[in-house]
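Reader: I am new to this structure. Can we go through it step by step?

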Amino acid sequence: MLYPREFGNDALFPKSTDFAVVYKDELTGKGVIAYRAFKRGEVIAKMAGHVVSDIRQHTLQIDSEKHLFDPYFSGYFLHSCAPNISLNMEVMTVTALEDIPANSYLYMDYAETEDFLFKQFPCSCGAENCRGWVMGRKDVRAIEPFRRVASA
Ligand SMILES: [Zn+2]
């Protein structure tokens with residue numbers, strides 16, 4: 001079980017035999033890997049965490065006032081513009097959007113849940129439909145630091 005006991009014992013909570021938060025590489029940092037395969041449409045896990053009122057690193061938006069701080073599992077989902085999982089923040093479930101082979105990283109689309117990101121960043125997901133810049137669905141694109149330097 002990736003979650004501490006205080007969160008209870010839901011049969012759908014991620015098991016440490018199925019998932020792990022692992023260091024991926026310098027560019028992306030940590031991500032969540034699935035050790036076993038999942039079928040498209042399958043609910044692969046249920047999320048838990050601390051409900052907080054502010055946007056932090058590793059929070060996922062529940063609604064306009066509540067955010068889930070989950071430093072054990074879902075807070076480490078990586079972003080892709082072509083995600084392989086979808087999150088339902090009302091019932092706290094993670095669903096496979098496609099067949100996920102064993103030993104795959106789990107990728108969500110941060111704009112699926114977040115109005116505003118703690119920090120925007122350039123996307124390197126490599127998807128055909130890559131938006132190039134990761135931000136929340138209500139975010140206005142921030143000026144990139146290199147542009148500021150270039151125009152100074
Ligand atoms: Zn992308």
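**Strands, sheets and core**

Reader: In what order do the strands of the open sheet with antiparallel pairing that holds β1 stand?
Author: This is a predicted model. The sheet is open, has 3 strands and pairs in the antiparallel sense. Its edge strands are β1 (19–25) and β10 (104–105), each of which pairs on one side only. The order is β1-β2-β10.

Reader: Which residue in β10 is the bridge partner of Ile33?
Author: Strand β2 covers residues 29–34. It pairs with β10 in the antiparallel sense, over 2 bridges. In β10, the bridge partner of Ile33 is Tyr105.

Reader: Another open sheet holds β9. Which strands stand at its edges?
Author: That open sheet has 3 strands in the order β3-β9-β8, with antiparallel pairing. Each edge strand has a single partner, so one side of each is left without a neighbour in the sheet. The edge strands are β3 and β8.

Reader: What does the twist average from one strand to the next in the sheet β3-β9-β8?
Author: Strands β3 and β9 run antiparallel and are joined by 3 bridges. Strands β8 and β9 (93–96) are antiparallel too, over 4 bridges. From one strand to the next, the twist averages 25°.

Reader: Which residue takes a positive phi in the hairpin of β8 and β9?
Author: The hairpin has 4 residues between its strands. One residue there has a positive phi near 60°. That residue is Met92.

Reader: Which residues form the covered face of β9?
Author: Take the pairings of β9 in turn. Ala45 stands opposite Val94, and Val94 is also the bridge partner of Leu87. Ile85 stands opposite Ala96. Thr93 and Thr95 make up the uncovered face of β9. The covered face is Val94 and Ala96.

Reader: And β8: which residues lie on its uncovered face?
Author: Strand β8 spans residues 85–88. Its covered face has Ile85 and Leu87. The uncovered face has Ser86 and Asn88.

Reader: Which residues have the most contacts inside the largest nonpolar core?
Author: This core has 27 residues. Elements giving two or more residues to it are β2, β3 (43–46), β8, β9 and β11 (107–108). The residues with the most contacts inside the core are Phe73 and Ile85.

Reader: Leaving aside neighbours within four places in sequence, which residues is Phe73 in contact with?
Author: The list includes Leu2, Tyr3 and Pro14. Phe19 and Val21 are also among them. The remaining names are Val32 and Met47.

Reader: Is Tyr3 buried or exposed?
Author: Tyr3 is found in the segment before β1. Leaving aside neighbours within four places in sequence, its contacts are Phe13, Ala48, Tyr72 and Phe73. Tyr3 has 20 other C-beta atoms within 10 Å, and 20 or more is the cut-off for buried. Tyr3 is therefore buried.

Reader: What separates the C-alpha atoms of Tyr3 and Cys130?
Author: Along the chain, Tyr3 and Cys130 are 127 residues apart. In the model, their C-alpha atoms are separated by 32 Å.

Reader: Now the whole chain. What is its radius of gyration?
Author: The protein chain has 2 helices and 13 strands. The globule rule gives 15 Å for 152 residues. The radius for this chain is close to that, so it is as compact as a globular protein of that length. The radius of gyration is 16 Å.

Reader: What share of the contacts with a separation of 6 or more joins residues 24 or more positions apart?
Author: For scale, the C-alpha atoms fill a box of roughly 55 × 35 × 25 Å along the principal axes. Buried residues make up 27% of the 152 residues. Residues 24 or more positions apart account for 52% of those contacts.

Reader: Where does pLDDT stay under 50?
Author: The chain averages a pLDDT of 93, and 93% of the residues score at least 70. The low stretch has 1 contact beyond four places in sequence. Where pLDDT is low, the predicted coordinates should not be read in detail. The stretch is residues 148–152.

Terms used:
Residues are numbered from 1 along each chain as its sequence is written. This is a predicted model: local features need pLDDT of at least 70, side-chain atom pairs count only at pLDDT 80 or more; totals for chains, interfaces and linings use all residues. Two strands pair if DSSP finds at least two bridges between them. A residue is buried if 20 or more other C-beta atoms lie within 10 Å of its own, exposed if 12 or fewer, and partly exposed in between; C-beta atoms are placed from the backbone. A nonpolar core is a set of buried Ala, Val, Leu, Ile, Met, Phe, Trp, Tyr and Cys residues joined through C-beta atoms within 7 Å. Two residues are in contact if their C-beta atoms, placed from the backbone, lie within 7 Å. pLDDT is the predictor's confidence in each residue, from 0 to 100. Axes are lines fitted to C-alpha atoms, for helices over the stretch in contact, and angles run from 0 to 180 degrees between N-to-C directions. The radius of gyration is taken over C-alpha atoms; the globule rule is 2.2 Å times the number of residues to the power 0.38.
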